[in-house]
Amino acid sequence: MLINDESRAPVSQKPNKLELPAEKEGIGSNVTIEINGEKVTVPFGTTILEACKNNNIHIPTLCHHDDLCIAGVCRICVVDVEGMKTLQSSCTFPITAPIKIKTTTPMVRKARRHIIDLMLSEHFGECYSCVRNNNCELQKLAKEYGVDRYNFGHIQKSKYDVDKSSFSVIRDMDKCILCKRCVRTCIDLQEVGVLEAVNRGIDTTISTFLDKPLADVVCINCGQCINRCPTGALHANDPSDKIWEAIDNPTKHVIIQTAPSPRAAICEEFGMEPGTSLTRELNTALRRIGFDKIFDTNFTADLTIMEEGTELILRLYNALVEGNAEVKVPQFTSCSPGWVKYLEHFYPEFIDNLSSAKSPQQMFGALIKTYYAKLQGIDPADIVTVAVMPCSAKKFECERPEMRDSGFKDVDYGLTTRELAQMIREAGIHLPEMPKSDFDDPFGEASGAGLIFGATGGVMEAALRSIIELVTGNKVENVFQNAKIIPVRGFEGIKYVEFPIEGVAEVPAILKPLIPDWKWLEGVTLKVAVAHGTANAKKVMENIKSGGKLSECHFIEFMGCPGGCLGGGGQPIPTNAKIREKRAEAIYAEEEGLTLRKSHENPYVNHIYANFLLDGPCGELSHKLLHTHYTKRGKFID
Amino acid sequence: MEDLETVKFQPVIFADYSPGEAIRKAVGISRQDVLFELKESKIKGRGGAGFPTATKWMLTAAAKADKKYVVCNADEGEPGTFKDRFLLLEHPELVFDGMVVGGITVGAQKGFVYLRAEYEYMLKSLEDYLQQMKKDNLLGENILQSKYNFDIEIRLGSGAYVCGEETALIESLEGHRGEARNRPPYPVNTGFMGFPTTVNNVETFAAVSHIITKGGEWFRNYGTDKSTGIKLFSVSGDCEKPGVYELPWGTTISEILDLAGASNTKAVQVGGASGYCYPKTQFDRKLAYEDAGTGGSIMIFNESRSMLKILKNFMEFFVEESCGQCTPCRIGNAKLLDGIEKLEKGEYTFKYINQLIDLGRSMQVASKCGLGQTSPNSFISILENFREEIFAKSSGGRNVN
């Protein structure tokens, strides 16, 4: 293994996967158990919950989540195991002996009903005024168990103030049922550790360090906790009212850009199975809602590749050839705002490794309020830019003070996939039935390279396609079949790949002013890595700090969320590995159907360099509009 | 301890013992021999749950791991229990010797005493005692010139009742929030820092010291078939002679009442707040794992006491002490207390009270750890055994729905 796999989760919450003891091998690795009288054979160490699931026996769960370590705290999944005095939580119980399980005895049903009643008695608020109405696991359970009254009362007064301090994540502890999924998401899945239970007994609540507002702690805004909250206790900061207002205001020119991941996932919000991209249906829906222009974020993803790729070449040239020690290598990607804030908090000493190129969202904002405004003769003050993102951290990103290089707020509102789906429903539109239509000019077309930004490894693949072609002069299709750079794809936590550069071409005209030739790259092995989820990012960073193998990398792609953007904190709920896989499939399938698949071949990008960003990638105007800087935040909280 | 009686039935725990005796014996015999004597004695855990000690040690000894731990649970938090305090103050040699024997037997090199925060005042004397043991080569490396190494460290709790539950105790030892773990896996496999760990009560270790020196059969002579040996009982409440009593298992409640000089007794709470409350009609019940089980707490209440107030006190305790992680315990206890307050005001329906008793039964089976599984015991037993008193005192069950 490249990197050790230590998790910060307490022993009690680590997965209950039991190692097969050596002495059991003699009797085989399977155990035959009885579930409700039926004999079933399962692998040693399977939990009762998994065993039941695999045999189509439904067991209700709340604190359990496929992505997270176990908790066993809600107790809703209890079952009867013969010979045991008490009921056992099926999510935590590893099967190591031929036990007999009953899943719906009167005692089990009564206990579950009691647990639901108890949760409801402390769950403040009404379903119809909740963002999770119709997609709430507690509500679903109440229905499943036929709750038609509050047997143990219902809390009538709010106990906690809603924490609205964060631009991204809102916490409403009145709705919390203390399943601790958010705690486990934060500490175990993401290894950030912002949330933890405080106080005891009935006063237990989930809190931040010293109960500070979320905006004042080391929260990276990734929103993974939102994706896993079973109720409405955590939700994103929804700007849709303000967006409606702008749409309804005839003096405002409202532009929306759509990122690839929401398009690959929004179908889930309309009752479809995961795995269908509704890109062009969405364009029609957005027009019907009343947006004036619809642009494709992939266009600025292409632009990001040009800027970030050029920056990488310059970095390598300055560091390796010129020997400039102040230039930091490896270069880290900077398009994931969750990752950026994570680095600012936890590894501020590496801030100079971050690419100064803005994320596609912010590049677009800056271009719209400068280039586009001028082109169309619209006062940028009258332009409202909205970005549909799979992300809650994008809301924070567009509020950064350094993101106002156009003289205005480059992007006015970050809108999540879920919030956009809500706007579409409110407009009376059933998205899947929409006719297809195209994006608007002058940013009409984007490459497949921009599209795959949505999946982990996508930015790296896009960058490599261009770097390989521009440096070696070889068609990427000749190196990788169908231009699919498989080694950087997939959901492995950390991917490390080496590409030897054999033979170099002439430097293309667009880069000629910056680099005289490629000779210095001849025979060099390009080393790159890809990490998704901040837990993996942490492992990479620790490896780099200790001078490990990854410190020799030239370029590393980091995504704050597991799976990359398609698993972002603004995506439809629920999420799990299977759903994320389907979304990735949708993105890659859509990409393969495109003819334009390399950023540097995008004619609209080249048009921008020919007509607006006249001094080319990483030139002066690029630096003013498309590049930024970061803040060393550190971990210490006042 | 001047204010408390110590009644010595027939010296077992308080039998003659010279410090280090058990260790001397243990280093001379094989680990199997130690386990054999333990098995012969049929001793069960003295903390209250009554798990066979020999089995626990055997499982820990059999577990394959680089490190193992022995933990002495001195978090004596059950209301009405003070026998561990007595043992630690008066007979630390029994407890520590038992831990060393445990370490040798299960293959651990390190032991912890998890001392409840309120016992901090005895920390110095216990640590002095450990220093002396080291000087006497009863602790440390190559104990009594043998191949065994074992050291003991005392760690203080922070006042949470739940940390008396062995897995919550381990979490606390590791520096985490005191919350019970999921079982299985059990601490004998996955305990402190994930290593096999045996956690035993103070009294269990003390008894082990005697069992090793005097033999399992000797110990088994006392008590009943299923509850062997003698037990220390912490007797408190409405009696002339509260104190620590050393009595064989099988002693009846009324025998204890006689010994303690209790008169006019209305109720006896056996097993502390998490135990059961017995009315007069059941004073012939035997104190034993198979009948009225207890970790040692015997609380005596005379006719002047209000059962509802007693119950309220217990439930307030549990609402305060629930760690809050699992639903049945966190909210359930609060609901039971709520019901008691309604009873006090007379604003209840029988239906609602019965519903709460039902809820209590669900809590007993669905809670994550022993705390929530036993906290409804007093609620259920007092409401069932003292129905007349409780419903007579309240105003008769006005339907307020």
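Which helices of chain A each supply at least two residues of the lining of the largest cavity? They are α7 (260-265), α9 (297-321), α10 (337-346), α11 (360-376) and α12 (393-399). Keep in mind that this is a predicted model.

**The cavities**

Let's stay with that hole for a moment. Its volume comes to about 260 Å³, and 26 residues line it. Closest to the centre of the largest cavity you'll find Cys335(A), Met389(A), Pro390(A), Lys394(A) and Cys565(A). Among the helices, α9(A) has the largest share of the lining, with three residues. As for chemistry, the lining of the largest cavity splits into 14 nonpolar residues, 11 polar ones and one that is charged. Counting everything of 30 Å³ or more, there are eight cavities. As background, a probe the size of a water molecule, rolled over the atoms, shows where empty space is left.

**Two helix pairs**

Now for some helix packing, with one pair from chain A and one from chain B.

| Helix pair | Angle between axes | Axis separation |
|---|---|---|
| α2 (106-121) and α3 (137-144), chain A | about 135° | 10 Å |
| α2 (31-41) and α8 (202-214), chain B | roughly 105° | within 9 Å |

Take the chain A pair to start with. Helices α2(A) and α3(A) pack at an angle of about 135°, so α2(A) is oblique to α3(A). Ile116(A), Met119(A) and Leu120(A) make the contact from the α2(A) side, and Leu138(A), Leu141(A) and Ala142(A) make it from the α3(A) side. Sorted by class, that contact of α2(A) with α3(A) has six nonpolar residues, with no polar and no charged ones. The handedness of the crossing of α2(A) and α3(A) is left-handed.

Over in chain B, the axes of α2(B) and α8(B) cross at roughly 105°, which means that α2(B) is roughly perpendicular to α8(B). Here α2(B) brings Val34(B), Glu37(B), Leu38(B) and Ser41(B), which meet Val208(B), Ile211(B) and Ile212(B) of α8(B). The contact of α2(B) with α8(B) is a mix of classes: five nonpolar residues, one polar and one charged.

**Backbone details**

A few spots in the backbone deserve a look. Where are the cis peptide bonds that involve Pro574(A) and Pro185(B)? In chain A, the bond from Ile573(A) to Pro574(A) is cis, with omega near 10°. Pro574(A) sits in the loop that runs between β17 (555-559) and α18 (577-592) of chain A. In chain B, a cis bond joins two prolines, Pro184(B) and Pro185(B), and omega is about 0° there. The loop holding Pro185(B) lies between α7 (166-173) and β5 (197-201) of chain B.

Then there's Asn36(A), a residue other than glycine with a positive phi, near 50°. You can find Asn36(A) in the loop between β1 (30-35) and β2 (38-43) of chain A.

**Around Phe317(B)**

To finish, click on Phe317(B), which belongs to helix α11 (residues 307-321) of chain B. What does Phe317(B) touch, leaving aside residues up to four places away in sequence? The list is Gly77(B), Pro79(B), Tyr161(B) and Ala273(B). Tyr289(B) is 28 residues from Phe317(B) along the chain, and their C-alpha atoms are separated by 25 Å.

Methods: Residues are numbered from 1 along each chain as its sequence is written. Chains are lettered from A and ligands numbered from 1 in the order in which they are written. This is a predicted model: local features need pLDDT of at least 70, side-chain atom pairs count only at pLDDT 80 or more; totals for chains, interfaces and linings use all residues. Side-chain values use heavy atoms; hydrogens and water are left out. Axes are lines fitted to C-alpha atoms, for helices over the stretch in contact, and angles run from 0 to 180 degrees between N-to-C directions. Helices (H or I, at least four residues) and strands (E, at least two) are DSSP runs, numbered from the N terminus. Angles under 35 degrees count as roughly parallel, over 145 as roughly antiparallel, 65 to 115 as roughly perpendicular and the rest as oblique. A crossing is left-handed if the near helix is turned anticlockwise from the far one by less than a right angle, and right-handed if clockwise. Contact means heavy atoms within 4.5 Å. Ala, Val, Leu, Ile, Met, Phe, Trp, Tyr, Cys and Pro count as nonpolar, Asp, Glu, Lys and Arg as charged, and the others, Gly among them, as polar. On a 1 Å grid over the protein atoms alone, a cavity is a set of points where a 1.4 Å probe fits but cannot get out, and a pocket is an open set with protein on both sides within 12 Å along at least five of seven lines; lining residues have an atom within 4 Å of a point. Grid points are joined across faces, edges and corners, and a volume is the space filled by probe spheres set on the points.
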